[in-house]
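Here is a short briefing on a protein structure. Look over the sequence and the model first, then read on.

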Amino acid sequence: MIVEEKKVTLKGKNIFTTESGYSFDELTIVYETYGKLNKEKNNVILVEHALSGSAHAAGVHPGKKNIGWWDPLIGPGKYIDTDKYFVICSNFLGSCYGTTGPSSIDPKTGKPYGLRFPKINIRDMVRVQKLLLDYLGIDRIKVGIGGSMGGMQALEWAVTYPDLVDKSIVIAADYKLTPLNIAYNHVGIQCILNDPHFYGGDYYDKPHKPDKGLSTARMLGMITYKSGDLFDYRFDRLRDENNFEVENYLNYHGLSFINRFDANSYLYILWAMNEHDITKPYGSLKMALKRIKAEILMIGIDTDMIFPSKYMRDFIKKLNASGGRGKFEEISSMQGHDSFLVDIDKIGPIISDFIEETYNKEMVCV
């Protein structure tokens, strides 16, 4: 499936204001679409990407071999069938893959924003996506879906825009981070901030970038994305003459990451994840849950150390107790948190069945 990256730049006085109070007069959003929008405009599936993902969820770009990050799931005849559905994936606010973020040029200064970029949260990201849907003339989402941070966005859509979303699929995610997750993120943040080449975030015109800090932060992340069982299976205590194989694995991913990601974006995204909590505007989880009108499917992974299944089970129980409609499914995988990117044959049928099933008044926690 050949696909093209699309881009829209929205301009206007205070066209978007973050919850932290910063107003943009110009905002660029990069996105991709797959399939065709039907006449009724009711076949839209909104795909949300995770921390280091992009709008390129499926297919390949012309003349390239860059397969989309969820390509086994999305396409003609696949679990998310683009012969039936119009699929949209946009790069979120604060990223470094085309949508306005810290590495973008601030029109007011002519220089990259750096740490002058405003503090953002996941609701801001969702609200920017709403601007994109408004631009595309879409006012209904059949399904919002995402894994990890993408799942947090999919759930936020159901809370912030309850009248727009029919169903939400939240994979390996919850409504807020645990203290342990915040601790992991804090270490990654400190790796970057303490890199001698960070220069207070103004490193774009410097000969050296905060590569060591970003690389180390990524290595820490890679540990949490997998499981101990997978590390035992793949690496055991094998080594070459210099390193254990697991060290080589982490070094490779750390070094490759600095060639494709921006350190400031990494900071802003981790800060946004840490601060995220769907209850914040409403005062309590009960009040936030009462806003949700969409059917909610949460999919957990039995070896996920970032979002253990117990938290998702608990969320669904509370949602149903508040009058909502939710269910929980769990897959077994040694892949850990990253299973949502790898085990498509396990999550795919669950996703497809949920998309296709009709309204079920008696949805319960499984």
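**An enclosed helix**

Twelve of the twelve residues of α2 are buried (under 20% relative accessible area, 1.4 Å probe, protein chains only), so α2 is largely enclosed by the rest of the structure. This is a predicted model: local features need pLDDT of at least 70, side-chain atom pairs count only at pLDDT 80 or more, and totals for chains, interfaces and linings use all residues. Residues are numbered from 1 along each chain as its sequence is written, and side-chain values use heavy atoms, leaving out hydrogens and water.

**Helix α2 and the domain**

- Helix α2 covers residues 149–160; helices here are DSSP runs (H or I, at least four residues), as are strands (E, at least two), numbered from the N terminus.
- From first to last C-alpha, α2 reaches 16 Å, close to the 16 Å expected at 1.5 Å a residue.
- Among the buried residues of α2 are Gln-153, Glu-156 and Trp-157.
- UniProt, in an unreviewed entry, places "domain: AB hydrolase-1" at residues 44–342; such annotations may be inferred rather than shown by experiment.
- Residues 44–342 are 39% helix and 15% strand, with the end C-alpha atoms 24 Å apart.

**Annotated binding site**

- The unreviewed UniProt entry lists Arg-218 and Asp-338 for "binding site".
- They are spread over 121 residues of sequence but cluster in space, with a largest C-alpha distance of 14.0 Å.
- Arg-218 lies in helix α4 (residues 211–225) and is buried, at 9% relative accessible area.
- Contacts of Arg-218 (heavy atoms within 4.5 Å) include Ser-52, Tyr-225 and His-253, not counting residues up to four places away in sequence.
- Asp-338 sits in the loop between β12 (325–331) and α10 (339–342) and is buried, at 11%.
- With the same sequence neighbours left out, up to four places away, Asp-338 touches Tyr-225 and Lys-226.

**Salt bridges**

- The whole structure holds 16 salt bridges (a side-chain nitrogen of Lys or Arg within 4 Å of a carboxyl oxygen of Asp or Glu).
- Asp-163 and Lys-293 meet in one of them, at 2.4 Å, N to O.
- This pair links distant parts of the chain, 130 residues apart: Asp-163 is in the loop between α2 and β10 (165–171), and Lys-293 is in the loop between α8 (285–291) and β11 (295–301).
- Asp-163 is partly exposed (20% to 50%) at 45% relative accessibility, and Lys-293 is partly exposed at 49%.
- Glu-156, a buried residue of α2, is linked with Glu-19 and Arg-123 in a network of salt bridges.

Methods. Expected span 1.5 Å × (residues − 1).
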